[in-house]
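Subject: A structure for you to look at

Hi there,

Here is the structure I promised to pass on to you. Have a look at it first, and then read on for what turned up.

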Amino acid sequence: MAYGTVNADVIQTSTSGGILGAGDASAMKNRIINGNFVISQYNGSSSVNPTDNTCFIDRWKATIYPTASKFTVQQNAGSVTPPVGFTNYLGITSSSAYTSGSTDQYFLNQRIEGFNFADLGWGTANAKTVTLSFWVYSSLATTFGGSIINSAGNRAYPFSYTTTATNTWQQVSITIAGETTGTWGTTNNIGALVVFNLGSGSATAGTAGAWVSAERYTATGSTNLIATNGATLYLTGVQLEVGSSATGFEYRQYTTELCLCQRYFEQSYTYGKTAGSSTDTEAVVGNAAYATSTTVLDYGTTTFFKVQKRATPSIAFYQSNGTANIWGYSPLGNYTTVGQWINTNGFGFYTTVASGATTNRTYMVYGHFTASAEL
Amino acid sequence: MYKLIEHTNDRGTSKTILRLSDSTYIPYDEANTDYQAYLKWVAEGNTPDPAENT
């Protein structure tokens, strides 16, 4: 064989004989992060009553309007056996029998960053077809809705899916023709939102299976989970990929998935421990601060993040006993800590003490922090 | 409710915004969704507590 020539037969998987490529063998096949809900930095496996526009499990946000407490969310709620190949799922449980108003918005969503969406070419003549697939399990045998929508809320593709039997895992696949119009983020902003509706009103519903120039979060005629007290909806294996058919879920190494999530949120706590919880017996972040006067201590070194953030993050501080906004400044005591000099790589801080600091002396500083750069 | 924060040291002056409801420090970055929410709050006619430069 001449130098520089490569001969290759078709590469096949060892189990099914299916041809790799066109999705199966590519990196970044799945544009959804934490689609199998294995990463849960925010709340571990605790049940939470989410608040509007906040993440409750990594990369997944709840939109809640106008009033909260209509549903709870929990990793592995109900402790059912996940589909083969999965160990985790997201469980949503309705908290009441709520009749949604026409403009109500109750849904889960993942906001895909533009950098991970730009190659789809949406908003151009070269827009690529995508397929959304996921596993679903519900106490209701009915038709639910969702949508893919841009951040401006003026281009949406409502979809519906049917649970044909109660309390049974089944896989859903929805193919969506790429949208050639509208604005879809291509940098560190929102590329698109993938929405699973839970209780949005009729004014936010549109015809399933067609693009519409309007803010639509669900399909007309679909069921609202929160209309039935105690109803459950479990999801896992959420994947959005290029192409007109669903392929196998893209499993990622745990560390890879965690790092992908930490581009948007990280905390100094032990994995899964809620911010603000007591960690008096656990490690905390240690740092140094120097006294610029008898009452002001400035940070001596930057606290660096594990992963560079999508944007400059918001920072919150916690004392090791759980008290918010306090760090320890040994041996002076515990004081309010002010976040400053924040960038995508880390942050500094300062504090004001009553008195007693020795100018130009360095003090040990310790506590916990959270850093959020969610979309 | 928000409070503006300014701090000056030998590296210069840095500014953040303190969200009082949960003691979170928000940077002036238009890509930060908390800052976007702050701008919306201001656009609605609200005014943050002024900074006390330290």
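Please keep in mind that this is a predicted model. Let's begin with chain B, whose secondary structure comes to one helix and three strands. If you follow the chain from the N terminus, the elements run β-β-β-α. The C-alpha trace of chain B spans about 35 × 20 × 20 Å along its principal axes.

How much of chain B is buried? Of its 54 residues, 43% are buried. Chain B exposes about 3000 Å², and 49% of that is supplied by carbon and sulfur atoms. Chain B also carries 5 positive and 9 negative charges, and the mean positions of the two groups are 1 Å apart. As for how the chain folds back on itself, take the contacts between residues at least 6 apart in sequence: 38% of them join residues at least 24 apart.

A good residue to click on is B:Y2, which lies in strand β1 (residues 2–9) of chain B. Is B:Y2 buried or exposed? With 7% relative accessibility, B:Y2 falls under the 20% cut-off, so this residue counts as buried. Setting aside residues up to four places away in sequence, B:Y2 touches a list of residues that includes B:I17, B:L20, B:Y38, B:W41 and B:P48. You can also compare B:Y2 with B:K40: they are 38 residues apart in sequence, and their C-alpha atoms are 12 Å apart in space.

Now for chain A. Its mean pLDDT is 92, and 93% of its residues reach 70 or more. Over residues 6–25 of chain A, however, the pLDDT is below 50, and this stretch has 16 contacts in the model beyond near neighbours in sequence.

In helix α1 (residues 254–262) of chain A, the buried residues are A:E257, A:L258, A:C261 and A:Q262. Why do they line one face of the helix? Looking down the axis of α1(A), you find the buried residues within an arc of 135°, so they share one face. In general, an α-helix has 3.6 residues a turn, so residues three or four places apart point the same way. Part of what covers the buried residues of α1(A) is β14 (265–267) of chain A.

Finally, find A:T232 in strand β13 (residues 232–242) of chain A. A:T232 is buried, at a relative accessible area of 11%. Beyond its neighbours within four places in sequence, A:T232 is in contact with residues including A:I92, A:Y137 and A:L225.

Enjoy exploring!

Terms used
Residues numbered from 1 in each chain as written. Chains lettered and ligands numbered in written order. Predicted model: local features only at pLDDT ≥ 70, side-chain atom pairs only at ≥ 80, totals over all residues. Heavy atoms only, no water. pLDDT = per-residue confidence, 0-100. Contact = heavy atoms within 4.5 Å. Helix = DSSP H or I, 4+ residues; strand = E, 2+ residues; numbered from the N terminus. Buried < 20%, exposed > 50% of the residue type's maximum accessible area, 1.4 Å probe, protein only. Areas by Shrake-Rupley, 256 points an atom, 1.4 Å probe, with all protein chains shown as cover. Lys, Arg positive; Asp, Glu negative; His and termini not counted. Charge placed at Lys NZ, Arg CZ, Asp CG, Glu CD. Arc of directions from axis to C-beta.
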